[in-house]
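Please work through the following exercises with the sequence and the model open beside you. Each task is followed by a solution that goes step by step.

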Amino acid sequence: MRMNTYEERISLLSEMIAFAIVDGELHDNEYDFLALVAEELNIEKPVFLELFSKRSEIIPIKDEHQRIMQFYRLALLMHIDNVLHEREITAINEIGIKMGLNPMGIRKTLKAMEQSPNRMIEPSYLICAFEEQHN
């Protein structure tokens, strides 16, 4: 995953942290996943920990493929504790719409993840779920 600027990487992680606690809890699996993403984004541990106590400005992601991948990371995060809260489902849909993603692609992706035993889907399927809506 390649984000253009440090601010964009901070924004991405901040959005994920906000989404992780939308159900009122931060499970160990969610924290571990977020820590892994922070490491992948080259965000230092003290900065990562600070993001839990302060709200960072969310910078819109311009590239559609990066928006799709961020949506997918959020959806993975939603499933990581094996408990789907209504607020998480509402929030993931709202976030996808705010990202400018096609609602049909959002629904198709979430349904495929729900039906997958490990909640993961192939990247090619993910991209196709959104791109077929362009025609």
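**Exercise 1: a residue in helix H6**

Ile106 counts as buried, with a relative accessibility of 0%, where buried means under 20% relative accessible area, exposed over 50% and partly exposed in between, computed with a 1.4 Å probe on protein chains only. The model is a predicted one, in which local features need pLDDT of at least 70 and side-chain atom pairs count only at pLDDT 80 or more, while totals for chains, interfaces and linings use all residues. Residues are numbered from 1 along each chain as its sequence is written, and side-chain values use heavy atoms, with hydrogens and water left out.

Task: state where Ile106 lies and which residues it touches, not counting those up to four places away in sequence.

Solution. Begin with the location: Ile106 lies in helix H6, helices being DSSP runs of H or I with at least four residues, numbered from the N terminus. Next, list the contacts, a contact meaning heavy atoms within 4.5 Å: Ile106 touches Phe71, Asn93, Gly96, Ile97, Leu101 and Phe130. Finally, check the backbone, where the C-alpha atoms of Ile106 and Ala129 are separated by 7.9 Å although these residues are 23 residues apart along the chain.

**Exercise 2: the nonpolar core**

Task: find which residues of the largest nonpolar core touch the most other members, and which helix gives the most to this core.

Solution. A nonpolar core is a set of buried Ala, Val, Leu, Ile, Met, Phe, Trp, Tyr and Cys residues joined through side-chain atoms within 4.5 Å. The largest one has 37 residues, of which Leu13, Met16, Phe19, Leu34, Phe71, Ile92 and Phe130 touch the most other members. At least two residues of this core come from each of H1 (6-20), H2 (28-40), H4 (64-79), H5 (86-98), H6 (103-115) and H7 (123-131), and H4 gives the most, with eight residues. Taking Ile92 as a case, and leaving aside neighbours within four places in sequence, one finds contacts with Phe19, Phe71, Leu74, Ala75, Met78 and Leu110. In soluble globular proteins, nonpolar side chains tend to be buried together.

**Exercise 3: two helix pairs**

Task: describe how H2 packs with H4 and how the axes of H1 and H2 cross.

Solution. Axes are lines fitted to C-alpha atoms, for helices over the stretch in contact, and angles run from 0 to 180 degrees between N-to-C directions. H2 and H4 pack at about 155 degrees with their axes 9 Å apart, which makes H2 roughly antiparallel to H4, since angles over 145 degrees count as roughly antiparallel, under 35 as roughly parallel, 65 to 115 as roughly perpendicular and the rest as oblique. Here Glu30, Phe33 and Leu34 in H2 meet Arg73, Leu76 and Leu77 in H4.

For the other pair, the axes of H1 and H2 come within 11 Å and cross at roughly 175 degrees, so H1 and H2 are roughly antiparallel to each other. Leu12, Leu13, Met16, Ile17 and Ala20 in H1 meet Glu30, Phe33, Leu34, Val37 and Ala38 in H2.

**Exercise 4: the salt bridge**

Task: which residue forms a salt bridge with Glu50?

Solution. A salt bridge is a side-chain nitrogen of Lys or Arg within 4 Å of a carboxyl oxygen of Asp or Glu, and a search of the whole structure finds one. Lys54 forms a salt bridge with Glu50, the closest N and O atoms being 3.7 Å apart. Lys54 is partly exposed at 41% relative accessibility, and Glu50 is partly exposed at 41%.
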